[in-house]
Amino acid sequence: MTDDVAYPPFKLGKARYDQTTFSGRLRHYMDIIDPRTLFVTESRLKESRKLLDDFKHGRLPPGVSDKQLWEAQKIKQAIIHPDTQEKIFMPFRMSGYVPFGTPIVIGLLLPSQTLASTVFWQWLNQSHNACVNYANKNATKPTPVSKFFQGYLGAVTSAVSIAVGLNLLIQKTSKFSPATLGLIQRFVPFPAVGTDGDGCNSSGPPHAYPGVASYHHVLSGEIEVSKLEPEIATATNDKTVIYNKGL
C-alpha cells in the first residue's frame with residue numbers, strides 16, 4: 001500500500017479513515033487506542049501542535065506530507081483535550097485504556113475470589129472507568145462534579161452488590177462440583193460490569209444522554225434533538241446531543 005492510499009489528503013479535525021464503513025471505523029478506533037502515543041515526547045507533541053497550527057493558518061512549510069499531518073493530528077488528539085487544550089493524565093487517555101485497564105480485567109477474573117478481593121477489583125474497575133470518562137468529558141458546557149460523583153457511587157454500588165451477591169449465591173449452591181463452581185465464578189464479573197453503567201461511569205462512551213460527559217475521540221456522532229424519541233427530546237434544552245455510533 002502506497003503512502004498516497006494509506007494517507008489521503010489531510011483534513012484538519014476529520015478522520016483519516018472512511019467512517020461510513022466498518023473497516024474504516026475499526027481502523028479509526030485502533031488509531032485512537034494505539035498505546036504507542038503514550039511514549040510521545042514533549043518535544044514531539046510540541047512539534048505536532050505547531051504543524052497543525054501552521055496548517056490551520058495557511059503557513060505550512062513546503063515539503064510537509066499528508067503522512068506527517070495525519071500523524072501529528074493523531075498525536076495531538078491522543079494527548080490533548082480538545083476543549084481545554086490541556087494534557088490528559090496518561091492513565092486516563094483513550095490510548096492508555098488497554099495497558100492500564102488490562103491488569104484490572106485480569107484482577108476481575110482471578111479464581112477463588114474472596115469477599116474483600118471481589119469488592120476491591122469491582123471498585124478499582126469502576127474508579128478507572130469513572131476517571132477515564134471524567135478526563136475525557138465534554139468540557140464545552142460546565143457539569144457539576146456532584147453529577148459525576150453520584151453516577152460513580154451508583155456504578156460502584158451496583159457492580160459490588162451484583163458481584164458479591166452472585167458469589168454468595170454460587171457458594172451456597174451444592175448442586176455443582178467444585179470445578180464447575182469455579183468455572184461459574186469466572187463469569188460473575190461480566191453481569192456485574194455489564195449492568196452498572198448509567199452513562200457517566202460505564203466502560204463505554206455514553207449514548208444520547210443530555211448533559212452527560214462524552215469521549216471526544218471515540219466513535220461518536222452528533223444528532224439533532226428533534227430527531228430523538230420524545231422522552232429524550234423533552235429532557236434537554238440543547239439542540240443537538242452526542243451519541244455513540246459503535247463499530
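# A walk through the helices, starting at Ile 33

Select Ile 33 first: at 13% relative accessibility it counts as buried, because buried here means under 20% relative accessible area. Keep in mind as you click around that this is a predicted model.

**Stop 1: around Ile 33**

Where along the chain are you? Ile 33 sits in the loop between helix H2 (22-32) and H3. Now show what surrounds Ile 33. Leaving out residues up to four places away in sequence, Ile 33 touches Met 94, Ser 95 and Val 98. Add Gly 96 to the selection and put a distance between the two C-alpha atoms: Ile 33 and Gly 96 are 63 residues apart along the chain, yet their C-alpha atoms are separated by 6.9 Å.

**Stop 2: zoom out**

Before going on, colour the whole thing by secondary structure. You should find ten helices and two strands in the protein. Reading from the N terminus, the order is α-α-α-α-α-α-α-α-α-β-α-β. Of the 247 residues in the protein, 35% are buried. Contacts that span a long way in sequence turn up often: among contacts between residues at least 6 apart in sequence, 67% join residues at least 24 apart. The pair you just looked at, Ile 33 and Gly 96, is 63 residues apart along the chain.

**Stop 3: helix H3**

Select residues 42-56, which is helix H3. H3 has 15 residues, and from its first C-alpha to its last it reaches 21 Å, close to the 21 Å expected at 1.5 Å a residue. Show side chains and pick out the buried ones: Leu 45, Ser 48, Leu 51, Leu 52 and Asp 54. An α-helix has 3.6 residues a turn, so residues three or four places apart point the same way. Look along the helix with that in mind, then ask what the buried residues of H3 pack against. The partner is helix H4 (66-79).

Just past the end of the helix, click Gly 58, which follows H3 and has a positive phi, near 70 degrees.

**Stop 4: H3 against H4**

Now bring up H4 alongside H3. The two axes come within 9 Å and cross at roughly 115 degrees, and H3 passes H4 in a left-handed crossing. To see the contact itself, select Arg 44, Leu 45, Ser 48, Arg 49, Leu 51, Leu 52 and Phe 55 on the H3 side. On the H4 side, take Gln 68, Leu 69, Glu 71, Ala 72, Gln 73, Ile 75, Lys 76 and Ile 79. Colour this contact by residue class and you get eight nonpolar, three polar and four charged residues.

Ser 48 is worth a click of its own. Is Ser 48 buried or exposed? At 4% relative accessibility, Ser 48 counts as buried. Ser 48 is found in helix H3, and beyond its neighbours within four places in sequence, it is in contact with Ala 72 and Ile 75.

**Stop 5: helix H4 and Gln 73**

Stay with H4 and check its length: 14 residues at 1.5 Å a residue should span 20 Å, and the end C-alpha atoms are 20 Å apart, which agrees. The buried residues here are Leu 69, Trp 70, Ala 72, Gln 73, Ile 75, Ala 78 and Ile 79, and what covers them includes H3.

Next, centre on Gln 73, found in helix H4. At 6% relative accessibility, Gln 73 counts as buried. What does Gln 73 contact, leaving aside its neighbours within four places in sequence? The list is Phe 10, Lys 11, Leu 12, Gly 13, Lys 14 and Leu 52. The C-alpha atoms of Gln 73 and Gly 13 are separated by 7.8 Å, with their positions 60 residues apart along the chain.

**Stop 6: the loop after H4**

Follow the chain to Gln 85, in the loop between H4 and H5. Its phi is near 60 degrees, a positive value in a residue other than glycine. Gln 85 is partly exposed, with a relative accessible area of 33%.

**Stop 7: H5 against H6**

Finish with helix H5 (residues 97-108) and helix H6 (residues 115-135), which pack at about 160 degrees with their axes 9 Å apart. That makes H5 roughly antiparallel to H6. The crossing of H5 past H6 is left-handed. From H5, select Tyr 97, Phe 100, Gly 101, Pro 103, Ile 104, Gly 107 and Leu 108; they meet Trp 121, Gln 122, Leu 124, Asn 125, His 128, Asn 129 and Val 132 in H6. By class, this contact has eight nonpolar, six polar and no charged residues.

Technical notes: Residues numbered from 1 in each chain as written. Predicted model: local features only at pLDDT ≥ 70, side-chain atom pairs only at ≥ 80, totals over all residues. Heavy atoms only, no water. Axes fitted to C-alpha atoms, helices over the stretch in contact; angles between N-to-C directions. Helix = DSSP H or I, 4+ residues; strand = E, 2+ residues; numbered from the N terminus. Parallel < 35°, antiparallel > 145°, perpendicular 65-115°, else oblique. Left-handed = near helix turned anticlockwise from the far one by under 90°. Contact = heavy atoms within 4.5 Å. Nonpolar A, V, L, I, M, F, W, Y, C, P; charged D, E, K, R; others polar. Expected span 1.5 Å × (residues − 1). Buried < 20%, exposed > 50% of the residue type's maximum accessible area, 1.4 Å probe, protein only.
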